[in-house]
Amino acid sequence: MTLAEPVRRWRARSGDALFLRVAGPHGHRSRERIHGRPGPRWFGPDAAVRVVHADASMFVGGLRSLLLQSLHPAAMAGVASHSDFREDPWGRLAGTSTFLATTVFGTADDAQAAVDAIRTIHGRVRGVTPEGIAYAADDPDLLRWVHVAEIESFLVAHTRYGAHPLSPARADEYAAQAARIGRALGAVDVPETAAGLTAAVEGYRPVLRATPAALDAAQFLLHEPPMPRTLRPGYDALAAAAVESLPVWATDALGLPRRGRVARAAARAAGHGATRAVRWLLAGQPAG
């Protein structure tokens with residue numbers, strides 16, 4: 001047996017463990033259904049949304065989107081009051097990753113069923129922020145904020161850390177394709193260009209601020225992630241890349257220190273190293 005064989009086996013085991021962390025204990029079954037079930041899809045094989053959502057840069061984009069989304073007081077109040085992200089963060093991550101995979105790669109029927117399930121959940125989420133502002137998870141404008149913060153984050157992360165960054169035209173294609181999912185969930189006036197996503201995020205700035213719940217979420221995501229110490233260096237590199245990619249006004253709001261040129265370069269280098277490692281590990285997994 002050559003040295004390559006033990007490395008291949010370690011890569012397969014480690015990649016599988018990482019996959020199950022993200023996709024949940026039923027990840028293999030979900031993957032088989034999403035990618036193996038025959039039928040028409042919302043997006044074709046060469047769609048830009050498939051390129052972005054299949055890349056390891058999603059790990060950076062996902063963390064960035066959570067930090068950015070938390071700055072909307074109503075959105076954060078809904079998460080804090082109606083989510084178990086602290087008690088079961090991996091379960092929440094698995095649910096989100098399965099939804100994203102189903103809508104982008106699954107059959108049209110499964111994609112619609114996933115959307116319908118989320119809309120049912122949103123219909124039950126109602127409350128009042130600590131400041132006395134009523135919110136509803138199915139509010140079209142609140143859904144728009146969650147969508148633009150998420151999709152803009154995925155695109156920013158892919159532009160910086162993707163294996164094959166999109167051209168400007170393909171980035172617009174990504175925004176337009178992702179908009180289909182946002183509208184299906186109930187969002188309105190959804191941007192269909194990369195510039196439109198950036199402008200939409202900027203347009204929310206008058207209502208964005210870091211509530212105590214947002215600061216608590218940032219502390220949890222950046223400093224208290226529930227994972228073994230052996231995985232912390234990789235996670236910390238992804239988190240550093242996510243923070244570095246945020247606009248300065250967002251890091252200031254969250255009370256995160258501004259970094260100089262050298263520190264920003266180090267964060268980017270760490271992000272490249274971590275995403276390449278994730279990409280290498282997951283490339284040893286079965287296709288799909």
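Me: Which residues have the most contacts inside the largest nonpolar core?
Reply: This is a predicted model. Its largest nonpolar core has 66 residues. Those with the most contacts inside this core are Leu67, Leu68, Trp145 and Tyr174.

Me: Which helix gives the most to this core?
Reply: The top contributor supplies nine residues to the core. It spans residues 140-161. That helix is α8.

Me: Which residues does Trp145 touch, not counting residues up to four places away in sequence?
Reply: Trp145 is among the residues with the most contacts inside the core. Leaving out residues up to four places away in sequence, its partners include Leu68, Gln69, His72 and Ala75. Trp145 also touches Val201, Tyr204 and Leu208.

Me: Is Tyr204 buried or exposed?
Reply: Tyr204 is found in the loop between α10 and α11. Its relative accessibility is 6%. The cut-off for burial is under 20%. Tyr204 therefore counts as buried.

Me: Which residues does Tyr204 touch, not counting residues up to four places away in sequence?
Reply: Tyr204 and Ala184 are 20 residues apart in sequence, and their C-alpha atoms are 21 Å apart in space. Ala184 is not in the contact list of Tyr204. With residues up to four places away left out, Tyr204 touches His72, Asp141, Arg144, Trp145 and Val148.

Me: Why are α8 and α10 oblique to each other?
Reply: Their axes are 9 Å apart. The helices pack at an angle of about 125°. Angles from 65 to 115 degrees count as roughly perpendicular and those over 145 as roughly antiparallel, so the range between them is oblique. That makes the relation of α8 to α10 oblique.

Me: How do the residues of the contact of α8 with α10 divide into nonpolar, polar and charged?
Reply: From α8 come Arg144, Trp145, Val148, Ala149, Ile151, Glu152 and Leu155. They meet Ala194, Leu197, Thr198, Ala200 and Val201 in α10. The crossing is left-handed. The contact residues divide into nine nonpolar, one polar and two charged.

Me: Is Val156 buried or exposed?
Reply: Val156 is found in helix α8. Arg64 and Ser245 touch Val156, with residues up to four places away in sequence not counted. Its relative accessible area is 18%, and under 20% means buried. Val156 is buried.

Me: At roughly what angle do the axes of α6 and α7 cross?
Reply: Helix α6 covers residues 89-105, and helix α7 covers residues 108-122. Their axes come within 7 Å. The two helices are oblique to each other. The axes cross at roughly 140°.

Me: How many residues of the contact of α6 with α7 are charged?
Reply: In α6, the contact residues are Phe99, Thr102 and Thr103. In α7, they are Asp110, Ala111, Ala114, Val115 and Ile118. Five of the contact residues are nonpolar and two are polar. The charged count is one.

Me: Is Asp172 buried, partly exposed or exposed?
Reply: Asp172 has its place in helix α9, residues 168-185. Neighbours within four places aside, Asp172 is in contact with Glu192, Thr193 and Ala194. Its relative accessibility is 30%, and the range between 20% and 50% is the intermediate class. Asp172 therefore counts as partly exposed.

Me: What is the phi of Asp189?
Reply: Asp189 lies in the loop between α9 and α10. At 63% relative accessibility, Asp189 counts as exposed. Most residues other than glycine have a negative phi. Asp189 is not a glycine, yet its phi is positive, at about 50°.

Me: What distance separates the C-alpha atoms of Ala214 and Val79?
Reply: Ala214 is in helix α11, residues 212-223. At 0% relative accessibility, Ala214 counts as buried. Its contacts, not counting residues up to four places away in sequence, are Ser70, Met76 and Leu254. Ala214 and Val79 are 135 residues apart along the chain, and their C-alpha atoms are separated by 9.7 Å.

Definitions and conventions. Residues are numbered from 1 along each chain as its sequence is written. This is a predicted model: local features need pLDDT of at least 70, side-chain atom pairs count only at pLDDT 80 or more; totals for chains, interfaces and linings use all residues. Side-chain values use heavy atoms; hydrogens and water are left out. A nonpolar core is a set of buried Ala, Val, Leu, Ile, Met, Phe, Trp, Tyr and Cys residues joined through side-chain atoms within 4.5 Å. Buried means under 20% relative accessible area, exposed over 50%, partly exposed in between (1.4 Å probe, protein chains only). Helices (H or I, at least four residues) and strands (E, at least two) are DSSP runs, numbered from the N terminus. Contact means heavy atoms within 4.5 Å. Axes are lines fitted to C-alpha atoms, for helices over the stretch in contact, and angles run from 0 to 180 degrees between N-to-C directions. Angles under 35 degrees count as roughly parallel, over 145 as roughly antiparallel, 65 to 115 as roughly perpendicular and the rest as oblique. Ala, Val, Leu, Ile, Met, Phe, Trp, Tyr, Cys and Pro count as nonpolar, Asp, Glu, Lys and Arg as charged, and the others, Gly among them, as polar. A crossing is left-handed if the near helix is turned anticlockwise from the far one by less than a right angle, and right-handed if clockwise.
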